[in-house]
Amino acid sequence: LCRGGLAERLCRLQNRERSAISFWRHQCVSDDKTPSDKSSVLIVKILEIFEECTIQVAICQQLEQSPVTLSPEDAVISAEEPILKVLFTKETTAHLKSRPQDVIHIYPPWQKLLLQNAGVPVIMNTYFSRKVLLSEHSEAREKTSGLTKMLIRKNIISLAQTFRLDDLDDKLHQEPSDNQVACAPQLHNKQHPLALSAVNDSLLDMVESQGAVGWREVQVRVVIQRVYCLPAREGYRSHTQGNKPLCATPGTNSDPPKVRLCLLVQDAYGMFSEVWLQSLSSTDDTEQYCRRWEGKSCCLAGMKILQRTTRGRALGLFSLIDSLWPPVVPLKVPGQSQDSEMMTTKLPPPSFCYILTVQSGEIHVEVDEEEQISNLYQPPAVHGLKEILQINECNERCSFWAQVLYRRLQTKHNVPVDQRDILLFVTDSTLQNVVHGIPKVVAVSVTASCVLGMEIREALSAGSQLVFFKDALWGNGRIICVERTVLLLQKPLLCLAAGADLSKLTGPVRLDELDSTTQANSICALRGTVVGVNESTAFSWPTCDRCGNGKLELCPQDRELLYCNQCSEVVTTPVLKMQLEVFLSCPSRSQSTVKVKVWQRPAQFVLLTMLLFLQTYEVQSVLGKEVGLLNCYVHSVTSHPNCVALEEIVLL
């Protein structure tokens, strides 16, 4: 908050108000003291209670005095005594636990509001209120009634009805018996057929009228902008059967990582919400959900608010929202006529977003898959990599096709392989055709929070793939796949080409050659002359030909054979791997020491194949040999000492 601003002053005032109320209640309970001046105390008897916009409204009859010896049922009330409408906040309601026939003392500074064309005064500022128990009979009734839940009628007042924007069906909103909502969860299961037929088009309207507990009486109509998966929360995972989560059980390290299906939805007023649906044991269904649901309208019911988040708390979510702003069609404006000429797109981007989740055991997301794509839907705009590298803004979402050339797991100790960050080195025709100034290959960092399906993981392990990166994050010269980024092998049904060349690569892939601009954690092509071999660090070891395990043991039954603990089988044809460090002299970096490490199968590598005879011949026989072009991964580039450390690799 800005120092000295209105928001800061309001926050301090609210804090002082809460402290004063808590202190007053504590004093009443501990000292059993009430103000001696009874003339300023308003005494009312509750006749009826209902809820409106999260405020409890009590229709009360004013009493001149509260008898000390009589119970509320025995108190004689004159018909001439005034009727009042008393407003209680949610916090005051929870403290009083009031019911019809209860007697309430309201202490100053309460206020009376007289409305035009309304004969019943309204009593506000009722924070200092106290329920009076007049006898032992009342105390006994209070204890027994506390065990039962009372039905509170909720008046659903929409914003459209408040501002007289629409002619709503009065019948739908004036059924008191159908709009009663129980405080007990077990009474939520039965719903009147008319209740779910009321469809609103404003998320904020639902939040205002229904509150955070859950949407029961009405639905809200939204457009699905994106479908993706997020990692499930740590510690608890939901077992699912069909579309309904059954129960939550503690997760263990041996469980496969669970993910949650999520929707990013937008209403007709431009408001966004992220909807958390059921947990999935596999992400392979994400692609079909994207194809079936994205761009379609759906109705949400049975939702509850999990969190209200802001731009500062959820940068990743709002970077995705910003990529969908401004809308492609005019939006409705609250409080104005909904004529088309009054709609506008000149609105600031949203500054907050509600995270919604389904009620336990209930899912009401009705997607009309036969419906046409909504005009509000914004498909991902696909660009070429050359165009993306020229974007000046930070934290911009981008979508592109690219050929994956090389995949590398980031080294992290004590982290499972499927939870490590991955570096994907990719290219496309827009980069391969560039002569100077722009790299021919770029690195895409896939963080552990980006959910990858088993299909995409297996495809990347098998070989080079043409992959669609949807809603990746660009900033500070890097492309990062974070939460809400989706990787697909097939082209989405709807995407804007935006002039991008999406054709496959026809010729051989070219890498940038090693030079003074080469940076660490990149790949390059290398040519040079062998000037030395580090014999002290050269070694070889056998690995399992099935799983690649490099820690083989001698077989207990036959000490001449090797045994793999991971496969639990004897290894009859082990694969020999070697590590060598070779020093090269490169014309492109004549002032640097270029050290190439080779740490793979000898038969796959040009450099190792050439140096195999080191086992039987002298090192001097390979010095001065020309090598290249070698495909290498750059581990480090240092200036003191001036050294470049590389590793020979094989492209997918």
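Which side chains meet in a salt bridge with R408? Let me start there. The partner of R408 is E647, and the N to O distance is 2.9 Å. That pair links distant parts of the chain: R408 is in strand β20, residues 396-409, and E647 is in strand β34, residues 642-648, with the two positions 239 residues apart. As for burial, R408 has a relative accessibility of 15%, so R408 counts as buried. E647 is buried too, at a relative accessible area of 7%.

Before I go on, a word on what we're looking at. This is a predicted model. The chain has a mean pLDDT of 77, and 73% of its residues get to 70 or more. If you go element by element, the highest mean pLDDT belongs to strand β22, residues 442-446, at 95. At the other end is strand β13, residues 244-250, which has the lowest mean, 35. Then there's the stretch 168-197, where pLDDT is below 50; leaving out near neighbours in sequence, the model still gives that stretch 42 contacts. A second stretch, residues 234-254, also stays under 50, and there the model has 36 contacts beyond four places in sequence. So please read those two regions with the pLDDT in mind.

Okay, back to salt bridges. How many does the structure hold? The count is 12. One of them is D102 with K131, where the closest N and O atoms are 3.6 Å apart. D102 is in the loop between α2 (90-96) and β4 (103-106), and K131 is in strand β7, residues 129-132, so this pair ties together parts that are 29 residues apart in sequence. Both D102 and K131 are buried.

Now R484, which I'd like to spend a bit more time on. R484 is in the loop between β24 (478-481) and β25 (486-488). Is R484 buried or exposed? Buried: the relative accessibility is 9%. R484 forms a salt bridge with E274, with 2.7 Å between the closest N and O atoms. E274 is in strand β15, residues 272-280, while R484 is in that β24 to β25 loop, so the pair ties together parts that are 210 residues apart in sequence. E274 is buried as well, at 1% relative accessibility. And there's a third member here: E274, E483 and R484 are linked in a network of salt bridges. If you ignore residues up to four places away in sequence, R484 touches a whole list of residues, including Y228, L230, G316, L317 and L320. Also among them are R397, K470 and D471.

Next, cysteines. How many disulfides does the structure hold? Zero. Take C450 as an example of why. The closest cysteine sulfur to that of C450 is in C481, and at 5.0 Å it is too far for a bond, since a disulfide needs the two sulfurs within 2.5 Å. C450 is buried, at 3% relative accessibility. C394, by contrast, counts as partly exposed, at 44%.

C481 comes up again with A448. The C-alpha atoms of A448 and C481 are 9.0 Å apart, and the two residues are separated by 33 residues along the chain. A448 is in the loop between β22 and α11 (454-462). With a relative accessible area of 43%, A448 is partly exposed. Setting aside neighbours within four places in sequence, the contacts of A448 are with Q419 and D421.

On to a helix: α6, residues 203-210. Why call α6 largely enclosed by the rest of the structure? Because six of its eight residues are buried. Those are L203, D205, M206, V207, S209 and Q210. The N-terminal end of α6 is capped by S202, with a side-chain oxygen 3.1 Å from the backbone nitrogen of D205.

Last stop, a sheet. Three strands make an open sheet in the order β28-β29-β30, and the pairing is antiparallel. The edge strands are β28 (553-554) and β30 (569-571), each of which pairs on one side only. Strand β29, residues 562-564, is joined to β30 by three bridges. In one of the pairings, C564 has E569 in β30 as its bridge partner.

That's the tour, thanks.

Key:
Residues are numbered from 1 along each chain as its sequence is written. This is a predicted model: local features need pLDDT of at least 70, side-chain atom pairs count only at pLDDT 80 or more; totals for chains, interfaces and linings use all residues. Side-chain values use heavy atoms; hydrogens and water are left out. pLDDT is the predictor's confidence in each residue, from 0 to 100. Helices (H or I, at least four residues) and strands (E, at least two) are DSSP runs, numbered from the N terminus. Contact means heavy atoms within 4.5 Å. Buried means under 20% relative accessible area, exposed over 50%, partly exposed in between (1.4 Å probe, protein chains only). Two strands pair if DSSP finds at least two bridges between them. A polar contact is a pair of N or O atoms within 3.5 Å; within protein, one must be able to donate a hydrogen and the other to accept it, and residues adjacent in sequence count only if both atoms are side-chain atoms. A salt bridge is a side-chain nitrogen of Lys or Arg within 4 Å of a carboxyl oxygen of Asp or Glu.
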